[in-house]
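Got your viewer open? Let's take a walk through this one together, one selection at a time.

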Number of protein chains: 2
Amino acid sequence: MALDKILKLYKEKIEFRLKTFLDEKISEAEKISDSSREIMQYIKEFNLRGGKRIRSVLIIMAYKSLGGKNENAIIDIAVSAELMQSFFLIHDDIIDDDDLRRGGPTMHRIYAEKYNSYDKPKKFGESMAIIAGDLLAALGNEIISKSDFDEEKKLKLLQKFNKVVKLTGYGEIIDILSGLKTNVTEQDISKMHKLKTAIYTIEGPLHMGAIAAGASDEQLKILSEYAIPLGMAFQLKDDILGLFGSEEKLGKPADSDIKEGKKTILILKAIENADKEQKEFIVSALGNKNITEKELIKLRQIIKETGSLPYSENLAEKLVKKAKDAIKNSDFEKHGKDFFLEIADYVIKRDY
Amino acid sequence: MALDKILKLYKEKIEFRLKTFLDEKISEAEKISDSSREIMQYIKEFNLRGGKRIRSVLIIMAYKSLGGKNENAIIDIAVSAELMQSFFLIHDDIIDDDDLRRGGPTMHRIYAEKYNSYDKPKKFGESMAIIAGDLLAALGNEIISKSDFDEEKKLKLLQKFNKVVKLTGYGEIIDILSGLKTNVTEQDISKMHKLKTAIYTIEGPLHMGAIAAGASDEQLKILSEYAIPLGMAFQLKDDILGLFGSEEKLGKPADSDIKEGKKTILILKAIENADKEQKEFIVSALGNKNITEKELIKLRQIIKETGSLPYSENLAEKLVKKAKDAIKNSDFEKHGKDFFLEIADYVIKRDY
């Protein structure tokens with residue numbers, strides 16, 4: 001599949017630039033103090049641990065699809081999205097009290113482990129991770145402001161970057177609150193998915209690439225009409241895979257979403273349609289860290305029986321169709337159209 | 001004193017703009033969700049609680065001193081510095097686990113108190129405060145990017161803004177580490193004061209104003225030669241007032257620095273010159289939350305006897321002289337020179 005090749009090619013280019021940029025920042029920081037050098041080194045290591053770089057690739061492909069030619073410059077914009085992603089992950093990991101990320105310790109754990117002889121190493125690690133996230137947000141702004149685009153475009157890109165930070169922050173707040181509230185509605189979840197997935201992962205990157213290519217407001221509007229439903233479908237598919245997908249292909253346990261107590265449309269719809277006994281079973285399974293394989297099979301059964309699985313599947317397909325229609329009716333050139341349509345199909349068909 | 005009038009005049013203008021800007025952000029946020037509106041309202045309340053607005057005034061005065069005429073535009077840049085200040089305070093308050101700020105609860109306490117029926121309200125409050133700080137950093141970038149300056153200036157201002165965020169972050173790291181280490185050197189403390197006070201409070205704002213006025217690199221260099229020693233002197237004076245100043249005029253208890261265990265040049269120099277008994281006394285007093293009035297008097301006596309008080313006083317005076325010389329030898333116009341010289345005298349003479 002061509003898309004896989006594109007992903008791999010750009011992943012390498014993005015990671016190379018991420019590395020050279022962060023090496024420059026380490027050189028800068030070591031002139032200031034050992035502790036500045038140290039945090040920049042951890043930031044570099046965290047950024048280079050991997051990830052699919054999907055946001056970056058969307059930025060580059062949107063740029064190229066709309067006629068952009070300056071590959072080095074757009075890679076800097078892609079790197080800003082990776083820095084933003086690490087910034088959010090580091091802060092989210094403090095919030096969620098997570099220990100592992102991208103196959104290594106989270107930023108607050110790195111510091112807590114390194115300085116475990118200090119008084120209150122956990123608190124110390126969290127403090128350093130708050131600052132690490134703040135530094136990454138500043139670095140994201142920095143690389144855009146110094147990229148090889150004209151001043152007008154750079155300002156628009158910076159406005160977009162900070163708007164996405166703001167909206168993703170709002171999404172994170174809804175996420176935190178919905179983890180605490182018992183009466184979460186489908187509307188709450190949809191809003192969160194719109195902010196945290198559709199805007200952050202799909203629309204934001206496509207707009208960044210498009211702005212850099214000099215897209216018109218009309219073209220940005222078409223990309224929104226494509227990106228928002230596609231992002232919502234992406235999330236629905238993610239939730240389905242999280243419960244029905246292959247552990248091996250996903251690279252994470254098939255029960256991790258359930259153990260985390262993730263409130264998804266899939267779960268919410270099942271509760272809505274369930275009888276009393278089924279409902280009680282779902283509620284007790286959600287967030288149960290000791291759920292058995294047998295209970296998981298029963299949960300999947302209920303989600304099918306209540307019509308919740310087909311509901312999410314149909315909704316995702318409808319949304320992808322809506323996304324594709326927006327592109328088909330656009331005046332984008334054929335090369336660009338093909339790419340966006342392929343991405344849309346990938347969202348539905350992927351099994352990882 | 002003219003400076004007091006200037007401070008008061010601009011404080012009102014800055015706060016007015018801060019209010020209108022954050023009201024716009026509340027309107028934007030309420031279209032997204034109740035929780036977004038809520039956090040923006042808390043952010044507004046926190047920003048309008050007060051503060052001396054010293055960074056803002058330095059921005060505006062540097063701009064005017066260098067011939068800037070667009071008052072509305074420069075006020076937007078001043079507001080960005082206030083947003084940055086709130087961003088740092090909110091994150092620092094989590095790090096220091098402080099309850100009070102600007103006469104009200106810290107951001108994490110606001111949320112912890114409002115949602116005290118939730119599981120783990122302290123953790124919840126800290127999570128929301130991390131996001132509130134992140135939002136404020138994005139808002140600071142936003143208001144600069146939309147201000148009424150030309151694109152080249154706005155980009156330079158954004159680069160400066162994010163550079164200051166980065167350097168202040170490095171200063172904060174040294175601050176955290178020096179609170180944990182026992183072997184803190186005068187060099188560590190000086191480095192921290194350079195980053196957290198001289199650059200953040202003095203040089204950064206002066207450069208922002210100067211960049212907006214179209215200052216040359218040579219002029220920025222002169223401002224650095226003025227700002228860095230002045231900022232160091234400002235900090236030394238702060239530390240002296242923190243131990244020898246009037247409780248009433250400072251608006252904070254005269255023992256608060258000692259109770260906090262703040263490591264200052266004043267304390268370090270006294271330890272360096274103290275005999276064994278004096279040294280033990282200083283070390284035991286530092287961070288002692290139950291220090292008595294009598295012990296405080298003895299501590300002050302030791303700081304005088306060891307020559308540490310005159311050391312800091314002389315150093316501050318030398319630094320202020322150095323700052324003033326940089327301005328005197330500059331080609332700034334008389335109006336500007338007078339302002340910078342007056343500010344420098346104020347730093348030494350102030351008793352609050």
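**Stop 1: two domains in chain A**

In chain A, 19 residues of domain 1 are in contact with 22 residues of domain 2, where contact means that two C-beta atoms, placed from the backbone, lie within 7 Å. Before you click on, note that this is a predicted model: local features need pLDDT of at least 70, side-chain atom pairs count only at pLDDT 80 or more, and totals for chains, interfaces and linings use all residues. Residues are numbered from 1 along each chain as its sequence is written, while chains are lettered from A and ligands numbered from 1 in the order in which they are written.

Colour residues 1-215 of chain A as domain 1 and 216-345 as domain 2; these bounds come from an automatic or database domain assignment. The C-alpha centres of the two domains of chain A lie 24 Å apart.

Which elements give two or more residues to the domain 1 side of chain A that touches domain 2? Select α3 (54-65) and α8 (186-212) of chain A. Helices here are DSSP runs (H or I, at least four residues), strands are E runs of at least two, and both are numbered from the N terminus. α8(A) gives the most to that side, with 12 residues. By class, this side of domain 1 of chain A has 10 nonpolar, six polar and three charged residues. Ala, Val, Leu, Ile, Met, Phe, Trp, Tyr, Cys and Pro count as nonpolar, Asp, Glu, Lys and Arg as charged, and the others, Gly among them, as polar.

**Stop 2: α3 against α8**

Keep those two helices on screen. α3(A) and α8(A) pack at an angle of about 35°, and their axes are 7 Å apart. (Axes are lines fitted to C-alpha atoms, for helices over the stretch in contact, and angles run from 0 to 180 degrees between N-to-C directions.) Try showing side chains: residues of α3(A) including A:Ile54, A:Leu58 and A:Tyr63 meet residues of α8(A), among them A:Ile202, A:Pro205 and A:Met208. This contact of α3(A) with α8(A) has 13 nonpolar, two polar and one charged residue.

**Stop 3: inside domain 2**

Jump to α12 (265-273) of chain A, where A:Ile265, A:Leu266, A:Ile267, A:Lys269 and A:Ala270 are buried. A residue is buried if 20 or more other C-beta atoms lie within 10 Å of its own, exposed if 12 or fewer, and partly exposed in between. The buried residues of α12(A) pack against α8, α9 (217-244), α13 (276-285), α14 (293-305) and α15 of chain A.

Now pick A:Lys322, which lies in α15 (residues 308-328) of chain A. Is A:Lys322 buried or partly exposed? A:Lys322 is partly exposed, because 17 other C-beta atoms lie within 10 Å.

**Stop 4: where the chains meet**

Show both chains. Their contact takes 41 residues from chain B and 41 residues from chain A. On the chain B side, select α2 (34-47), α4 (71-96), α6 (121-145) and α7 (151-180), the elements that give two or more residues. α7(B) gives the most, with 17 residues.

A rotation of 180° with 0.0 Å of shift along its axis superposes chain B on chain A (RMSD 0.0 Å), so the copies are related as by a two-fold rotation axis. That fit is by least squares on C-alpha atoms of residues with pLDDT of at least 70 in both copies. Finish on B:Glu151: of the residues of chain B, B:Glu151 comes closest to the axis, at 3.0 Å (C-alpha).
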